Each structure stands twice: as structure tokens, then as C-alpha cells.
Amino acid sequence: MKNNKKYILFFSTVLLVAACSNESVDEEINETGDVTGEAIAIENSDSDTSTSENEEGKTTVHLTASEEEWSLNEDLSFDAWVYNNTLPGEEIRVQEGEEVEIKLKNDLPVPTALHLHGIPLDHEMDGVPGISQNVVMPGDSFTYEFTADAPGTYWYHSHQDGATQVEKGLYGPLVIETEDDQKYDIDEVLVLDDYSSMMEGMEDRGNMEGMMDHESHGAVEEMTHDEMMAHMYDTMLINGKASPEIERVEVQEGDAVKLRFVNAGLFTQVIQIPDHNFKVTHYDGQKVNEPETLSNTSVTLGAAERVDIEIEANNPGAYGVEIFADTNKDNLHTVLPFVYEDYTEEELATREAEAEFDILSYGKLAESLNLDEVTKEFDMVLDSEDGGEIFTINNKKMDTETAEGHEVYEVEEGDVVKMTIANETEVDHPMHLHGHFFQVISRNGEKVSGSPIIMETLNVREGEEYEIILEADNPGNWLFHCHEFHHASNGMASEIKYEGFEPSFTPDPNAPNKPE
């Protein structure tokens with residue numbers, strides 16, 4: 001039986017001089033290799049190999065952020081910012097229980113930072129400039145440490161000026177495996193993204209007014225933020241490639257297949273798997289209880305969300321898994337080849353889905369948090385101003401230059417918090433909570449009747465209202481923000497703060513921290 005899991009392993013001796021410290025521009029490594037200040041010496045930072053094991057038994061991953069000319073297909077290329085010279089960044093796979101350190105080296109001409117999206121970390125490892133660390137300046141390094149005790153599909157990306165840096169390519173997949181994952185013959189991560197050829201050459205991609213100026217005047221100037229987005233984003237990517245260079249998933253009849261979809265883009269995506277039975281086994285890396293078999297059913301994936309799908313490879317042929325932005329299908333539509341051996345020259349068969357996946361009723365009920373345990377309740381009203389150019393939470397907006405002015409929710413460790421999230425805008429808002437998972441209780445008054453829904457990113461669509469509950473079990477100051485980066489950079493960010501928590505770092509007033 002074949003196995004298509006991807007590992008990058010390189011064993012060497014790694015000198016860890018100091019861990020988990022942010023390095024100012026004054027830190028230096030002298031001619032003998034000794035470190036002055038609190039910088040971290042990183043070996044092999046320019047090597048193609050990225051994963052090693054140090055003397056303490058920790059898994060060490062080297063990530064270098066740098067500029068790269070990246071080809072999307074024969075006709076499209078752009079000046080990308082990438083990790084380890086590839087888009088998306090190298091897949092990081094670790095085993096449940098491993099101690100992991102990720103050493104980020106910044107070879108970009110601008111400051112950056114790294115956020116390990118979805119993994120519950122200690123506060124100082126969260127990678128948010130101005131809130132959990134100071135930004136990593138050009139030429140500097142930072143080491144992020146965590147214990148891989150929450151198995152699942154995650155991803156990593158920049159959290160400094162995300163509308164620009166993630167858009168330019170600073171993202172990659174991260175998987176924490178369990179022994180159960182060894183049963184799959186094919187286990188692939190598929191990172192979805194949406195690309196705008198019109199924005200090539202623009203440095204500030206969070207500035208929609210600048211985008212409009214970059215285009216023509218007249219009718220374009222009259223577009224709302226999201227009309228402009230639909231106009232400008234014109235190319236779907238899967239694992240850093242556009243059609244016809246999207247790599248196929250090749251299977252054999254009888255293979256146990258797992259596809260891990262990560263939406264690293266800005267649009268809500270629809271996935272249509274033709275003529276095969278499948279199960280949705282995980283949301284945001286968290287198990288679905290007793291998932292049921294589906295067929296010809298579309299699965300919707302909001303920005304920053306992940307979904308794991310287990311496919312029964314029992315229908316030999318050549319198929320096209322259609323993936324498209326549900327509000328921008330004309331511009332953002334592609335096909336993932338899902339092909340059995342001996343059928344690689346066949347035309348891809350597609351099929352329009354006959355049903356839509358219903359997350360509220362899917363799977364079976366199980367024991368979980370309930371409303372009787374709630375100790376605090378909050379409202380989160382998502383709204384906009386200025387014709388959709390400013391986005392607010394409870395009529396407040398974060399100033400992303402100062403990380404001030406935004407809504408703050410104060411909790412105590414041990415609280416069980418209920419939040420009601422209402423979207424009063426006309427667009428989707430994928431709301432991401434740092435440092436915690438939460439449980440969805442209801443949507444528009446309808447209670448969850450299927451499996452408990454455990455997530456950390458929830459796509460709240462136009463007019464929707466969700467109730468969620470979470471355990472305040474990870475002290476810190478944590479962002480809860482929209483993961484459509486333009487919405488966040490234009491104000492849609494809040495913060496959950498624990499009473500009595502004292503951060504271990506002090507924001508440098510001279511550092512160009514820009515958390516959204």
C-alpha cells in the first residue's frame with residue numbers, strides 16, 4: 001500500500017542559546033558565534049531542510065521569511081513573500097505530544113511575526129505584534145515553542161499587517177498527527193487561496209481606497225469594499241498553483257483517503273466532491289462525533305476555517321473536485337483533479353452538488369459544555385460604517401497602529417463564557433478567537449442537534465446570529481477578530497482579557513507593531 005504523507009526530516013545538532021525571546025535590532029552574534037543580547041543563533045537557516053531534532057529531544061523547525069519570484073502557472077507569476085522559498089510554506093507535521101520549537105528568521109525588508117493559527121498556545125507564543133510580542137525586525141529572529149497536545153489540521157501565517165503579508169504568501173500548513181492518522185494511504189493538505197493579479201505591485205493591500213486609486217476612476221470608485229474585492233480577485237490557487245498547474249490527487253481503488261482543506265484566502269469557498277461517498281471528520285482540526293456518510297453534497301468553508309474529509313476511493317475514474325468562491329464564482333473557480341491510477345489521461349468528470357452540508361445536524365450528539373455552566377455573557381455585534389470601509393464590533397474599531405479603541409471582554413480564569421455574535425452587515429465575517437476553542441450552541445435560534453461543533457474560527461454570514469460558549473482556561477490577552485484581513489485592518493477586532501494577567505513582554509513604543 002502506498003503512503004502519500006509528506007515529511008521533511010533532517011537530523012542535526014542545533015544550538016539553542018536562548019528560547020522564546022523577541023530580538024531587538026541591537027542584538028548581535030559576534031565572530032566566534034557567541035550571542036550578545038538575547039538573540040537566538042540559528043543553524044542552517046538558508047538550508048532547504050527545515051525540520052530537525054535538538055539535543056533536548058525537541059522537534060525544531062526552521063522557517064525563513066524571504067522574497068521570492070513565484071510562478072502560479074505558465075502565464076502568472078508575482079513577487080511573493082514566502083517561508084522557506086515556497087508557496088505555501090513547507091508543510092509542518094508533528095506527532096501528538098511532541099515538544100516543538102519553530103525558529104523564524106526574517107529576511108524580508110519589512111518587520112513580520114508568526115501566528116500558529118488555531119493551536120492553543122501560551123500567550124507569549126501567539127505571534128501578535130503589540131499584544132503578545134514585539135515585531136520581528138528585518139534580520140532578526142524569534143523562537144516559538146509549544147507542546148503538540150491538540151491534534152488536528154492547522155496553519156501558520158504572519159500576523160503583522162496580515163492584509164498585505166498573508167496576501168503576498170506568508171502562510172503554510174501545520175498538522176499535529178495522532179496514531180489514528182497512520183491508517184490513511186493518502187493524507188494530503190490542500191491550501192486554498194484567492195489571488196488578485198490587479199494588486200501585483202501594491203505594497204499596502206489593506207488599503208481599499210488605494211486599490212481603487214490603483215484601478216480606474218468612474219464606476220470603479222462607486223464600488224463598495226466587497227464589490228471591489230469581487231472585481232479584483234480573479235484567480236483560485238490550490239497549494240500555491242493556479243490551473244492548469246494544480247497538482248492532482250492520485251489514488252488507487254480501495255485507498256483510505258484523507259483530504260485536509262485549509263482556506264487561507266479571503267472568500268468563503270464551496271467544495272463539491274463528485275460521485276464518491278465521504279465523511280466530514282473534523283472542523284478546525286477537532287473531531288466530529290460519529291460523522292455520517294454523504295454524497296453529492298457541497299461543503300462550505302469560510303476564510304481561515306479548516307475541514308477534514310475522508311473519501312471512499314471505490315469508483316475508479318478521473319474526477320474534478322470543484323472549488324469556488326460562493327459570492328464570486330465567475331472569477332474564483334477551479335478544479336482539483338482527483339484521479340485513479342490508469343485514468344490520468346481521462347477528462348475530468350464533475351457534478352453539481354444536490355445538497356448543502358448542514359453543520360448543525362451533522363453527526364451525533366455527545367456530552368459537551370452547556371448553558372447551565374455559563375458565568376458570563378457578552379454580545380458581539382458586527383457592523384460597518386462609511387459605506388463598508390470601516391468595520392466595527394459593538395460600534396468600536398481597533399486602531400491597528402496602536403492596538404487601541406477596540407471592544408474588550410474581561411473574564412476570569414475558570415469562567416464559562418457565552419457570546420452572542422450577530423452579523424448586521426451584508427458580507428461574511430469569519431471570526432477567529434486566539435488561544436481557545438469554542439463550542440457552537442445555536443444559529444439563528446436553532447440549537448445544534450448533531451455532533452458538538454468545536455472550532456476557533458466561525459464564519460458568520462449576512463444576517464446570521466450564533467451563540468457560542470467557551471471555557472476561560474488559558475490566561476492572556478487574546479484577539480477575537482474577523483479573518484477577512486481587510487475587515488480586521490479596518491477595525492473589526494476585539495480582545496478577551498483575563499483579570500490579573502500580566503504579560504511577560506512590554507510593547508516597544510518604537511517598534512512598528514501592526515497586529516492586523
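This dialogue discusses how to read a sheet, a strand residue and some backbone features in a predicted model.

Colleague: Let us begin with the sheet. In what order do the 6 strands stand, and is the pairing described as mixed or otherwise?

Modeller: As a general idea, strands of a sheet pair through backbone hydrogen bonds, and the pairing may be parallel or antiparallel. In this predicted model, the open sheet follows the order β14-β23-β22-β16-β20-β24, with mixed pairing.

Colleague: Why is one side of β14 and of β24 left without a neighbour in the sheet?

Modeller: Both β14 (249-251) and β24 (355-356) stand at the edges and have a single partner strand each, so one side of each lacks a neighbour in the sheet.

Colleague: How many bridges join β20 to β24, and which residue of β24 stands opposite Thr-297?

Modeller: β20 and β24 run parallel and are joined by 2 bridges. The residue opposite Thr-297 is Ala-355 in β24.

Colleague: I should like to follow one residue of that strand. Where is Thr-300 placed, and is Thr-300 buried or exposed, or partly exposed?

Modeller: Thr-300 belongs to strand β20, which covers residues 297-301. Partly exposed applies to values between the cut-offs of 20% and 50% relative accessible area. Thr-300 is therefore partly exposed, at 39% relative accessibility.

Colleague: Which residues does Thr-300 touch, not counting residues up to four places away in sequence?

Modeller: With those sequence neighbours left out, Thr-300 touches Thr-268, Gln-269, Val-270, Glu-305 and Arg-461. Sequence separation and spatial separation should be read side by side. Thr-300 and Glu-356 are 56 residues apart in sequence, while their C-alpha atoms are 8.1 Å apart in space.

Colleague: I turn now to the peptide bonds. What omega values belong to the cis peptide bonds of Leu-87 with Pro-88 and of Ser-243 with Pro-244?

Modeller: For the cis bond joining Leu-87 and Pro-88, omega is about -10°. Pro-88 sits in the loop between β5 (77-83) and β6 (92-95). For the cis bond joining Ser-243 and Pro-244, omega is about 10°, and Pro-244 lies in the loop between β13 (235-238) and β14.

Colleague: Lastly, what is the phi of Asn-85, and what is that of Asp-275?

Modeller: Asn-85 is not a glycine, yet its phi is positive, at about 65°. Asn-85 lies in the loop between β5 and β6 and is partly exposed, with a relative accessible area of 39%. Asp-275, also not a glycine, has a positive phi of about 60°. The loop between β16 (269-272) and β17 (277-283) holds Asp-275, which counts as partly exposed at 25% relative accessibility.

Conventions:
Residues numbered from 1 in each chain as written. Predicted model: local features only at pLDDT ≥ 70, side-chain atom pairs only at ≥ 80, totals over all residues. Heavy atoms only, no water. Helix = DSSP H or I, 4+ residues; strand = E, 2+ residues; numbered from the N terminus. Buried < 20%, exposed > 50% of the residue type's maximum accessible area, 1.4 Å probe, protein only. Contact = heavy atoms within 4.5 Å. Pairing = 2+ DSSP bridges.
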